[in-house]
Amino acid sequence: MKARTVLFDEVGGPDVLRIEEVELGAPGSGEVRVRVEAVGLNRAEALFRAGAYYYQPDLPASRIGAEAAGVVEAVGPEVEGFAAGDPVSVLVTATGGMSPYGVYAERVNVPASTLFPRHPSVDAVTGAATWLSYLTAYGALVEVGRLGPGDTALITAASSSVGVAAIQVANLVGAVPIAVTRTAAKREQLLKAGAAQVICLDEDDVVTRLGELTDGAGARVVFDAVGGPELPRLARTVARDGTLVVYGWLDGRPTPLPMHWPLAVYGFALPAVLGHEDRKRRAVVFIESGLRSGALAPLIDRTFPLEAIADAHRHMEGNGQVGKIVVTVGREDGGAA
């Protein structure tokens with residue numbers, strides 16, 4: 001069986017991505033074959049493609065992609081809990097990595113451990129836009145930051161899919177989400193997404209404005225995707241006994257350790273949730289419950305067909321989106337998945 005698959009042979013810009021018919025064998029031991037209907041794009045994939053991620057692609061012909069949704073077509077030996085016909089979401093983490101298991105494809109063989117059951121009421125686009133963003137937001141804010149009712153959460157890069165997820169998670173636990181974005185162009189969209197207040201860096205100083213909004217108390221959790229040399233200043237917005245959670249490095253420059261002590265600084269990655277069975281169980285229950293109630297609802301910025309994967313990456317790197325970019329994958333009959 002052959003499946004159209006996105007590959008790249010060298011690191012670089014979006015144009016290095018190509019689509020090729022790749023032979024796909026039967027799923028191996030512990031693996032499941034999934035017919036992909038939608039793929040969620042994440043900033044990590046742009047970094048991976050460019051050779052700037054924390055692990056490097058295996059070249060040439062590296063696969064790419066961490067998050068998707070579809071339907072199980074076949075299961076390999078020693079797989080329990082999944083059967084052909086099951087709707088699922090897929091989240092490929094560092095275990096195995098994107099080069100062998102990247103999900104930008106019509107069909108993929110992935111470890112069964114990367115699957116999340118997808119309720120029939122959750123469509124593929126939503127299923128492809130959920131798990132990375134909400135596991136990150138929930139894990140950082142609730143499991144690590146202990147965010148609770150009445151607490152303030154300061155969320156940088158708030159227009160990203162993780163940022164929007166963090167706004168919704170904070171609201172669901174009764175906290176007050178304050179969004180930070182670069183320009184006022186996204187203010188209304190972030191307010192509509194649930195932010196209690198929006199700090200626009202082209203208008204306000206984040207330290208001064210956050211102090212005004214909290215009467216000088218600061219934020220119980222500061223959830224930062226940017227890093228870089230401004231992190232020590234951002235640390236001044238953390239409340240006493242609060243936590244600065246850094247989960248990204250969009251700035252790209254060296255990030256000095258904040259010396260605004262006493263201060264708890266936590267470098268967050270998904271293993272902080274997925275590597276602990278109790279945390280993972282609580283996260284899955286929280287997210288599935290939120291999806292059912294509608295309190296958690298991924299905001300879809302734009303969809304692209306698989307054939308336009310390079311355009312989708314250009315759009316992502318243009319930083320104009322609010323929410324998740326999703327790539328839809330055509331079915332064999334030519335219809336949209």
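Which residues does Leu-296 touch, not counting residues up to four places away in sequence? Keep that in mind while you load the view. This is a predicted model.

**Stop 1: the whole chain**

Show the chain as a cartoon. You should find eleven helices and 15 strands. The C-alpha atoms fill a box of roughly 60 × 40 × 35 Å along the principal axes. How does the radius of gyration compare with that of a compact globule? A compact globule of 337 residues would have a value near 20 Å, and the chain has 20 Å, so the two agree.

Now switch on the surface. Its accessible area is about 14300 Å². Carbon and sulfur atoms own 51% of that area. Buried residues make up 54% of the 337 residues.

Colour the charges next. There are 30 positive and 39 negative ones. Their mean positions lie 3 Å apart. Then think about contacts with a separation of 6 or more. Of these, 66% link residues 24 or more positions apart.

**Stop 2: Leu-296**

Select Leu-296. Look for it in the loop between α10 and β14 (300–305). Is Leu-296 buried or exposed? Its relative accessible area is 2%, and the cut-off for buried is under 20%, so Leu-296 is buried.

Here is the reply to the opening question. Leaving out residues up to four places away in sequence, Leu-296 touches Tyr-134, Gln-168, Val-169, Leu-172, Phe-286, Ile-287, Gly-290 and Leu-291.

Add Leu-244 to the selection. Leu-296 and Leu-244 are 52 residues apart in sequence. In space, their C-alpha atoms are 24 Å apart.

**Stop 3: the largest core**

Step from Leu-296 to Val-169, one of the residues it touches. Not counting residues up to four places away, Val-169 touches Tyr-134, Ala-137, Tyr-138, Leu-141, Val-142, Phe-286 and Leu-296.

Val-169 belongs to the largest nonpolar core, which has 42 residues. Select Leu-135, Leu-141, Leu-147, Val-169 and Phe-223: these have the most contacts inside the core. Several elements each supply at least two core residues, including α4 (131–144), α5 (161–172), β11 (219–224) and α10 (277–293). Which element gives the largest share of this core? That is α4, with ten residues. In soluble globular proteins, nonpolar side chains tend to be buried together.

**Stop 4: another core and helix α1**

Apart from the largest core lies another, of 39 residues. Val-32, Phe-48, Phe-82 and Leu-306 are among them.

Use Phe-48 to find helix α1, residues 43–50. In α1, Ala-44, Glu-45, Ala-46, Phe-48 and Arg-49 are buried. What covers them? The cover includes β3 (31–40), β4 (67–75), α2 (98–101) and α11 (309–317). After α1 comes Gly-51, with a positive phi near 80°.

**Stop 5: Arg-33**

Move to strand β3 and select Arg-33. Arg-33 counts as buried because its relative accessibility is 15%, and the cut-off is under 20%. Leaving aside neighbours within four places in sequence, its contacts include Met-1, Leu-24, Val-71, Glu-73, Val-108 and Asn-109.

**Stop 6: Val-125**

Select Val-125 in helix α3, residues 124–128. Beyond neighbours within four places, Val-125 is in contact with Ala-38, Ile-300, Val-326 and Thr-328. Now add Ala-68. Val-125 and Ala-68 are 57 residues apart in sequence but 8.4 Å apart in space, C-alpha to C-alpha.

**Stop 7: two cis peptide bonds**

Zoom in on the backbone. A cis peptide bond joins Leu-59 and Pro-60, with omega about -5°. Pro-60 sits in the loop between α1 and β4. Next, go to Trp-261 and Pro-262. The peptide bond from Trp-261 to Pro-262 is cis too, with omega near 0°. Pro-262 is in the loop between β12 (238–246) and β13 (264–267).

**Stop 8: two positive phi angles**

Finish with two residues that are not glycines. Glu-78 has a positive phi near 65°. You will find Glu-78 in the loop between β4 and β5 (87–91). Asp-215 also has a positive phi, about 55°. Asp-215 is in the loop between α7 (206–213) and β11.

Are they buried or exposed? Glu-78 is exposed, with a relative accessible area of 72%. Asp-215 is exposed at 76%.

Methods. Residues are numbered from 1 along each chain as its sequence is written. This is a predicted model: local features need pLDDT of at least 70, side-chain atom pairs count only at pLDDT 80 or more; totals for chains, interfaces and linings use all residues. Side-chain values use heavy atoms; hydrogens and water are left out. Helices (H or I, at least four residues) and strands (E, at least two) are DSSP runs, numbered from the N terminus. The radius of gyration is taken over C-alpha atoms; the globule rule is 2.2 Å times the number of residues to the power 0.38. Buried means under 20% relative accessible area, exposed over 50%, partly exposed in between (1.4 Å probe, protein chains only). Contact means heavy atoms within 4.5 Å. Accessible areas come from the Shrake-Rupley method with a 1.4 Å probe; for residues, only the protein chains shown count as cover. Lys and Arg count as positive and Asp and Glu as negative; His and the chain ends are not counted. The place of a charge is taken as NZ of Lys, CZ of Arg, CG of Asp or CD of Glu. A nonpolar core is a set of buried Ala, Val, Leu, Ile, Met, Phe, Trp, Tyr and Cys residues joined through side-chain atoms within 4.5 Å.
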